[in-house]
Amino acid sequence: MGQLVVNGLALGSIYALVALGLLLIFNTVQIVNFAQGQLLMLGAFIGISGAVTHELPVAMAWIVTMAAMAFVGIVFMVLVYFPLRGRPPFLVILTTIAMGIVLENLALIIWGPLPVSLPSPVRGPPLRFAGIVISMHQLFIFATLAVILLLQFLMLTRTRFGILMQATAQDLHTARLVGIPVNRTIAVAFAFGAMLSGVAGLLVAPIFLAEPTMGGSLGLKGFVVSVIGGFGNLPGAVIGGLFLGLIETFGARYISSNFRDAYAFIVMIAVLVAWPRGLFGEKSSEKV
């Protein structure tokens, strides 16, 4: 039982990281990026290229991946968001789905269809307590999620840039009129969002083998987690991710592993029936 809890929380932490990246973009431009999972996949493969193919130290591969993902996020914004800015949101959302398919096919061409593994950035014997084994990589996942959640919360609530992001999200045109550098703010949001997906990819690749199609499922789980927690709510996304990780792990163990991916959507429907705005969703939003 305890081992299932640890495994479920580690899996849920990955989902939460995907959701945090998705919410960072949503909280700035009010657009759901359905290619967030494919960005995760891309981060995993860039890390593998650095650490495995070019034999860089794992820490250096992480740094290179973060820089590459920031660049990818900005390019993504230029190609997907800017040309359709001001158009109906569903057009942008559909374009993110199309871009996800493009990224998946590019990964197939560049890295091939075979699964590849990435070494963990931390090594050491696992901790053992009352029959529960916690690997160093799982501890690293928990620590990474906690640090990112804290930094993202502080950035959005205690920094000038966070206030600019919130103002841009509430009314883009008014924000521009009062002198807020809207384009720069949005570019940073996309860069950070892609970097968070890259972190999730680097964390998940040592557990599950990386493959070009891995992003679709993980991206949808990140969206489900965001809905469960209440769209736009950072603590809700983390709690939703951990909750979903536990549900999937226990469901696969005690019910059937064949429906592992279906549990996410069953839970999402159940939560929305009981709490239409998610567990921590706000009742309304106001424009300034």
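Student: How are H2 and H9 oriented to each other?
Tutor: This is a predicted model, in which local features need pLDDT of at least 70, side-chain atom pairs count only at pLDDT 80 or more, and totals for chains, interfaces and linings use all residues. Residues are numbered from 1 along each chain as its sequence is written, and side-chain values use heavy atoms, without hydrogens and water. Helix H2 (residues 36-53) and helix H9 (residues 214-229), which are DSSP runs (H or I, at least four residues) numbered from the N terminus, pack with axes 7 Å apart at an angle of about 130°. Angles under 35 degrees count as roughly parallel, over 145 as roughly antiparallel, 65 to 115 as roughly perpendicular and the rest as oblique, and H2 and H9 are therefore oblique.

Student: Which residues of H9 make the contact with H2?
Tutor: On the side of H2, the contact (heavy atoms within 4.5 Å) is made by Gly37, Gln38, Leu40, Met41 and Ala44. Across from these residues, H9 contributes Met214, Gly215, Gly216, Leu218 and Gly219.

Student: How many residues of H2 are buried?
Tutor: H2 has 18 residues, and buried means under 20% relative accessible area, exposed over 50% and partly exposed in between. H2 is largely enclosed by the rest of the structure, because the number of its 18 residues that are buried is 16.

Student: Is glutamate 55 buried or exposed?
Tutor: Glutamate 55 lies in the loop between H2 and helix H3 (58-81). Its phi is near 55°, a positive value in a residue other than glycine. With a relative accessibility of 67%, glutamate 55 counts as exposed.

Student: What is the relative accessible area of glutamine 30?
Tutor: Glutamine 30 is found in the loop between helix H1 (2-29) and H2. Although glutamine 30 is not a glycine, it has a positive phi of about 60°. The residue is partly exposed, and its relative accessible area is 38%.

Student: Are H1 and H5 roughly parallel or roughly antiparallel to each other?
Tutor: The axes of H1 and helix H5 (residues 136-158) cross at roughly 30° and come within 9 Å. H1 and H5 are therefore roughly parallel.

Student: How many charged residues has the contact of H1 with H5?
Tutor: Among the residues of H1 in this contact are Val6, Leu9 and Leu20, and those of H5 include Ile141, Phe142 and Leu149. The contact has 15 nonpolar and four polar residues, and the number of charged residues (Asp, Glu, Lys and Arg) is no more than none.

Note on methods: Axes fitted to C-alpha atoms, helices over the stretch in contact; angles between N-to-C directions. Helix = DSSP H or I, 4+ residues; strand = E, 2+ residues; numbered from the N terminus. Expected span 1.5 Å × (residues − 1). Buried < 20%, exposed > 50% of the residue type's maximum accessible area, 1.4 Å probe, protein only.
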